[in-house]
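The following exchange is written for a bench biochemist who wishes to read a protein model closely. Please consider the sequence and structure shown here before the questions begin.

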Amino acid sequence: EENFKKQRDELNQQITDLKRLQQTTFEELATSRRINRPCNDATHEFDGTNLIPCRESGSAATLSREIRNDMKNSLNPEISTQITISEKKTKIVYNCVRVGVGVLVKDPENPRKVFAGIRRGSHGAGSLALPGGHLEMGEEWETCAKREVLEETGLVITNVKFLHVTNDVMLSEGKHYVTVFMQSDCFGCPRNLEPDKCEGWSSYSWEDLQNGLKSGGTNSSGMLLFGPLKRLVMDNPARLHEFLK
């Protein structure tokens, strides 16, 4: 247990140091380009954090592009950075592929159905999705699946196994995920433990989800399928049919 705590603390410190390095690098680059680098309406300039009044003329696009290129050259090449400038603030978006875990939890009252809910308060809001979330550093897929389902539904899942993986590029959201789908059994009914993230849980058959795909990405009730779930339905893996038979 002591070794685990030590490794965890060291990992947390490494993450903190990396974030500090990235922020420091950005601030230095932005500040170095502050002088005489005005925005596109010729009334503001970038001060490293915000746009402030200025007397010069020029293009914010040029500033954004130059800082972005410098960031790409100075940071880990696996991490690309997008910086956009508006009149009120500068938005920094780190574009990197993330790993998500989606879990097909079989409804114990109807083994041909799985639990899903409508997303709320995040990308894909208003669409139907499986329980799941982000894979944490050093975490096993099975552990992530159990943790996320417990946090979101209160269910303790069993017989957790790998089912499928999808490559989910969400251009409209500016996100790219690799989603690992796990299959599992459970006892009891799900509770909505994160109402700020989900409208509630119901069970759906695979036919319900396939009918949604045929109707343009919505299910029979007119609800959109979340991107990774939609991709899973499109792939229609044979292993899933074995799971739900």
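Reader: In the hairpin of strand 9 and strand 10, which residue takes a positive phi?

Author: This is a predicted model, in which local features need pLDDT of at least 70 and side-chain atom pairs count only at pLDDT 80 or more, whereas totals for chains, interfaces and linings use all residues. Residues are numbered from 1 along each chain as its sequence is written, and side-chain values use heavy atoms, with hydrogens and water left out. Strands (E, at least two residues) and helices (H or I, at least four) are DSSP runs numbered from the N terminus. The hairpin has four residues between its strands, and the one with a positive phi, near 65°, is Gly-174.

Reader: How many bridges pair strand 9 with strand 10?

Author: Two strands pair if DSSP finds at least two bridges between them. Strand 9 covers residues 157-170 and strand 10 covers residues 175-186. Within this pairing, His-164 has Phe-181 as its bridge partner in strand 10. The sense is antiparallel, and the number of bridges is 11.

Reader: Is Leu-130 buried or exposed?

Author: Leu-130 lies in the loop between strand 7 (127-129) and strand 8 (132-134). Buried means under 20% relative accessible area, exposed over 50%, and partly exposed in between, with a 1.4 Å probe and protein chains only. Because its relative accessibility is 12%, Leu-130 counts as buried.

Reader: Which residues does Leu-130 touch, not counting residues up to four places away in sequence?

Author: A contact means heavy atoms within 4.5 Å. The C-alpha atoms of Leu-130 and Val-105 are separated by 8.3 Å, with these positions 25 residues apart along the chain counted as their spacing. The residues that Leu-130 touches are Val-103, Leu-104, Val-114, Phe-115, Ala-116, Phe-181, Trp-201, Leu-229 and Leu-232.

Reader: Which residues form the aromatic pair, and what is the angle between the planes?

Author: Rings of Phe, Tyr and Trp (its six-membered ring) pair if their centres lie within 6.5 Å; planes under 30 degrees apart count as stacked, over 60 as edge-to-face and the rest as tilted. The structure holds one such pair. Trp-141 and Phe-162 form it, tilted, at 5.7 Å centre to centre and with an angle between the planes of 35°.

Reader: How many residues apart in sequence are the parts that this pair ties together?

Author: At 40% relative accessibility Trp-141 counts as partly exposed, and Phe-162, at 33%, also counts as partly exposed. Trp-141 lies in helix 3 (residues 141-153) and Phe-162 in strand 9, so the separation of the parts tied together is 21 residues.

Reader: Which residue stands opposite Arg-119 in strand 11?

Author: A charge sits over a ring if NZ of Lys or CZ of Arg is within 6 Å of the ring centre and within 35 degrees of the ring normal. Arg-119 lies over the face of Phe-226, at 4.1 Å from the ring centre. Six bridges join strand 6 to strand 11 (residues 198-205) in an antiparallel arrangement. Opposite Arg-119 in strand 11 stands Cys-198.

Reader: Which residue stands opposite Asp-107 in strand 6?

Author: Strand 5 (residues 98-107) and strand 6 (residues 110-119) run antiparallel and are joined by two bridges. A hairpin of two residues connects strand 5 to strand 6. Opposite Asp-107 in strand 6 stands Asn-110.

Reader: What percentage of the residues in the chain is buried?

Author: The secondary structure of the chain comes to six helices and 12 strands. Of the 245 residues in the chain, the buried share is 37%.
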